[in-house]
Structures are given as structure tokens and as C-alpha cells.
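Please look through the structure below slowly, with the sequence beside it, and follow the text from one part to the next.

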Amino acid sequence: MINVAVLGACGRMGSLIVENITNSTDMQLAAAFDINNFGRDAGEFAHVGNLGVKISDVKDLESVLKESKANVLIDFTAAGATIVNAPVAARAGVNLIIGTTGLTAEQRAVIDEAIQEGQVSAVISPNYSVGVNVFFKIIREAARYLADYDIEIIEAHHNQKKDAPSGTALRAADIISEALGGKEYVYGREGIAPRGKEIGIHGVRAGDITGDHTVLFAGNSERIEIKHMAHSRQIFAKGAVLAAEWVCRQEPGIYSMNDVLGL
Ligand SMILES: NC(=O)c1ccc[n+]([C@@H]2O[C@H](COP(=O)([O-])OP(=O)(O)OC[C@H]3O[C@@H](n4cnc5c(N)ncnc54)[C@H](O)[C@@H]3O)[C@@H](O)[C@H]2O)c1
């Protein structure tokens with residue numbers, strides 16, 4: 001049985017992840033953390049009844065991870081939280097699934113170093129959905145054939161999302177840039193803004209949109225749009241729980257969802 005700890009267990013993603021863990025036969029919820037609601041049962045937020053696992057103060061992360069014999073910590077919080085907590089968990093020998101987006105390159109480097117020092121395995125992905133990872137594969141392939149086309153990425157999310165553009169849009173841009181030997185990014189356009197050979201990236205924030213990503217390849221007289229639309233956050237939660245089960249069987253190292261899914 002794999003002991004899973006969830007960081008941000010009262011949040012939109014964290015509570016869904018708790019729900020998915022309770023539906024798994026290979027895993028059990030060992031610990032749950034957040035910055036408030038201490039002492040309340042984690043099952044309350046996941047609407048799955050009493051689980052006997054209280055929300056712990058994230059300040060006690062290291063000691064509670066040890067006491068609960070957690071094998072893996074799933075973190076969907078905020079960049080400022082992940083940069084503090086992921087290194088603590090890694091150095092305590094706990095494997096990691098990081099879903100938090102908006103990490104800077106410097107923050108990512110600090111986390112990578114802690115994972116190496118702690119000799120743990122981790123999956124870090126801006127998007128845990130199976131469909132999005134297949135979408136990544138398709139856009140990489142399309143970019144190779146459409147190098148001369150104008151390329152724009154348009155993403156849309158709910159009005160509570162903090163970071164912009166989305167981690168998934170940035171990952172899509174990086175995949176295309178890598179396929180084409182390096183591209184500049186232009187974020188939105190305003191005023192006199194003639195188009196160059198860049199990848200344009202545009203964010204929409206509105207209502208309760210779960211997450212849409214479109215890559216537009218436009219040439220003269222034709223265009224291709226490759227689009228992924230998330231209908232529910234369950235796709236991310238299911239992928240994160242799948243990755244948690246997978247990562248516990250791996251050698252120490254940092255992996256992506258491509259590795260988990262064998263893409
Ligand atoms: N990788 C993916 O597939 C994927 C999918 C969806 C969302 N996300 C990302 O996951 C993150 C969370 O998204 P959400 O919609 O669940 O947000 P949310 O605001 O609903 O939940 C975040 C939770 O983290 C808690 N939190 C904040 N700071 C904390 C800290 N220092 N320690 C412990 N807990 C803390 C909050 O109290 C809250 O309960 C965001 O970065 C979002 O972009 C990633």
C-alpha cells in the first residue's frame with residue numbers, strides 16, 4: 001500500500017486528488033496539509049466522508065511526513081508554497097508529484113537540486129491530463145512540418161487562476177520552440193505590434209473555464225488549429241494519482257508525464 005500525502009488538500013485540485021486516492025486500491029491517504037482548516041478531516045473537503053486524516057499545518061510538514069510514513073507527496077498549491085515545501089519533502093526522502101504551475105526557472109532549479117540531494121523520484125508537470133500530453137506530442141510533430149507558418153497559442157482559464165500565461169501554454173511554446181531550433185515569445189499584443197517570426201501567446205481569463213489550449217498554425221490561404229479542452233479538473237487529479245503510483249516504482253530522478261504515459 002502506498003502512503004500518499006497531499007499538500008493543498010483543501011484546494012480545488014487537492015480535494016479532488018484526495019477523492020481519487022480514496023477510490024484507489026493501491027493507495028491510502030496518509031497525511032494532508034494546508035495553510036488553514038487545521039484539525040478538520042481531509043475527507044470533508046473531498047466530499048467523501050470522514051477519512052481519519054486531519055489537515056495538518058504545513059509548518060509541520062517534515063515531522064508529519066515522517067510520522068505518517070508518507071511515500072509520496074502530491075503538491076498542487078502555489079509557486080511560493082512549492083518552492084518552500086518541495087525541498088523539505090525531497091530532503092526528507094519523500095517522492096514528489098508537483099502540479100503547481102508558475103514556477104520560475106530559478107525556483108525550478110532549487111527544487112531540482114533538492115530532489116537530487118534527497119535521492120528521490122519526482123514527476124513535475126504543468127499538466128497531468130493524458131489528453132494534453134498527447135496534444136503536446138501532436139503539436140511537436142505538426143511544428144516540424146509547419147516551420148514557416150505563423151504560430152499562436154491561445155489559452156483560456158477560469159477567473160480565479162493566478163498565473164498567466166498557463167504553465168501548459170508555456171510548455172506548448174517550449175515544445176514548438178525546441179522542435180524549430182529556438183523561437184522568441186511575444187505575450188499578447190498592443191499598439192503598433194508588427195508580427196515577426198515569434199510564437200504569440202495569449203491568455204483569456206473568464207468565468208469557470210476549466211482550461212482550453214489552442215495552437216494555431218496559419219499560412220497563406222489555410223490554417224490548422226490543434227485544440228485541447230478540459231471539461232473537468234478530474235483529468236488532472238486522475239493523472240496526478242496515476243503518476244504518484246508510478247513514481248514510487250522508479251529510480252531516483254526527475255520525470256515528466258511523457259515518461260509516466262510512455263509517450
Ligand atoms: N499540473 C496540472 O495538471 C494542474 C492542473 C490544475 C491546476 N494546476 C495548478 O495547481 C495549483 C493549485 O490550483 P488550484 O486550482 O487547486 O488552486 P486552489 O487555490 O483552489 O488551491 C490551492 C490550495 O493550496 C493551499 N495553499 C496555498 N499556499 C499554501 C502553503 N504555503 N502550504 C500549503 N498549502 C497552501 C491553499 O490554501 C489552497 O487550499 C495552481 O498552481 C494551478 O495552476 C496544475
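Helix 4 and helix 5 are roughly parallel to each other, because the angle between them is about 10 degrees and angles under 35 degrees count as roughly parallel, which is therefore the description that fits this pair. The model in which they are seen is a predicted one. Two packed helices are described by the angle between their axes and by the distance between those axes. For helix 4 (residues 79-91) and helix 5 (residues 105-118) the axes are 8 Å apart, and the crossing of helix 4 and helix 5 is left-handed. On the side of helix 4, the contact is made by Ala79, Ile83, Ala86, Pro87, Ala90 and Arg91, which meet Gln107, Val110, Ile111, Ala114, Ile115, Glu117 and Gly118 in helix 5. Sorted by class, the residues of this contact are nine nonpolar, two polar and two charged.

A second pair of helices can be read in the same manner. Helix 6 (residues 130-145) and helix 7 (residues 167-179) have axes that come within 8 Å and cross at roughly 30 degrees, which makes helix 6 roughly parallel to helix 7. Helix 6 passes helix 7 in a right-handed crossing. In their contact, Val132, Phe136, Ile139, Arg140, Ala143 and Arg144 of helix 6 meet residues of helix 7 that include Thr168, Arg171 and Ile175. This contact has eight nonpolar, one polar and three charged residues.

Helix 6 also leads to a sheet, since helix 6 lies across strand 10 and strand 11 and runs at about 165 degrees to strand 11. The sheet is open, with five strands in the order 8-9-7-10-11 and mixed pairing. Its edge strands are strand 8 (185-187) and strand 11, each of which pairs on one side only, and neighbouring strands are turned by 15 degrees against each other on average, direction ignored. Strands of a sheet pair through backbone hydrogen bonds, either parallel or antiparallel. Strand 8 and strand 9 (residues 199-205) pair in the parallel sense over three bridges, and Tyr185 stands opposite Ile199 in strand 9. Strand 10 (residues 211-219) and strand 11 (residues 222-230), by contrast, pair in the antiparallel sense over nine bridges, with Phe217 opposite Ile224 in strand 11. Strand 10 and strand 11 form a hairpin with two residues between the strands, where Ser221 takes a positive phi near 75 degrees.

Another open sheet has seven strands in the order 3-2-1-4-5-6-12, with parallel pairing. Strand 3 (55-57) and strand 12 (253-255) stand at the edges with a single partner strand each, so one side of each is left without a neighbour in the sheet. The twist averages 25 degrees from one strand to the next. Strand 2 (residues 27-34) and strand 3 run parallel and are joined by three bridges, and Phe33 stands opposite Ser56 in strand 3. Helix 1 (residues 12-22) packs on this sheet, where helix 1 touches strand 1 (2-7), strand 2 and strand 4 (72-75), and the direction of helix 1 makes about 160 degrees with that of strand 2.

Helix 1 and strand 2 appear again around the ligand, as the elements that give two or more residues to the shell around it. Which element gives the largest share of that shell? The answer is helix 1, with three residues. Of the 24 residues around the ligand, Gly8, Gly11, Arg12, Met13 and Ala81 come nearest. The shell divides into twelve nonpolar, ten polar and two charged residues.

Technical notes. Residues numbered from 1 in each chain as written. Predicted model: local features only at pLDDT ≥ 70, side-chain atom pairs only at ≥ 80, totals over all residues. Pairing = 2+ DSSP bridges. Helix = DSSP H or I, 4+ residues; strand = E, 2+ residues; numbered from the N terminus. Axes fitted to C-alpha atoms, helices over the stretch in contact; angles between N-to-C directions. Contact = placed C-beta atoms within 7 Å. Parallel < 35°, antiparallel > 145°, perpendicular 65-115°, else oblique. Left-handed = near helix turned anticlockwise from the far one by under 90°. Nonpolar A, V, L, I, M, F, W, Y, C, P; charged D, E, K, R; others polar. Near = placed C-beta within 6 Å.
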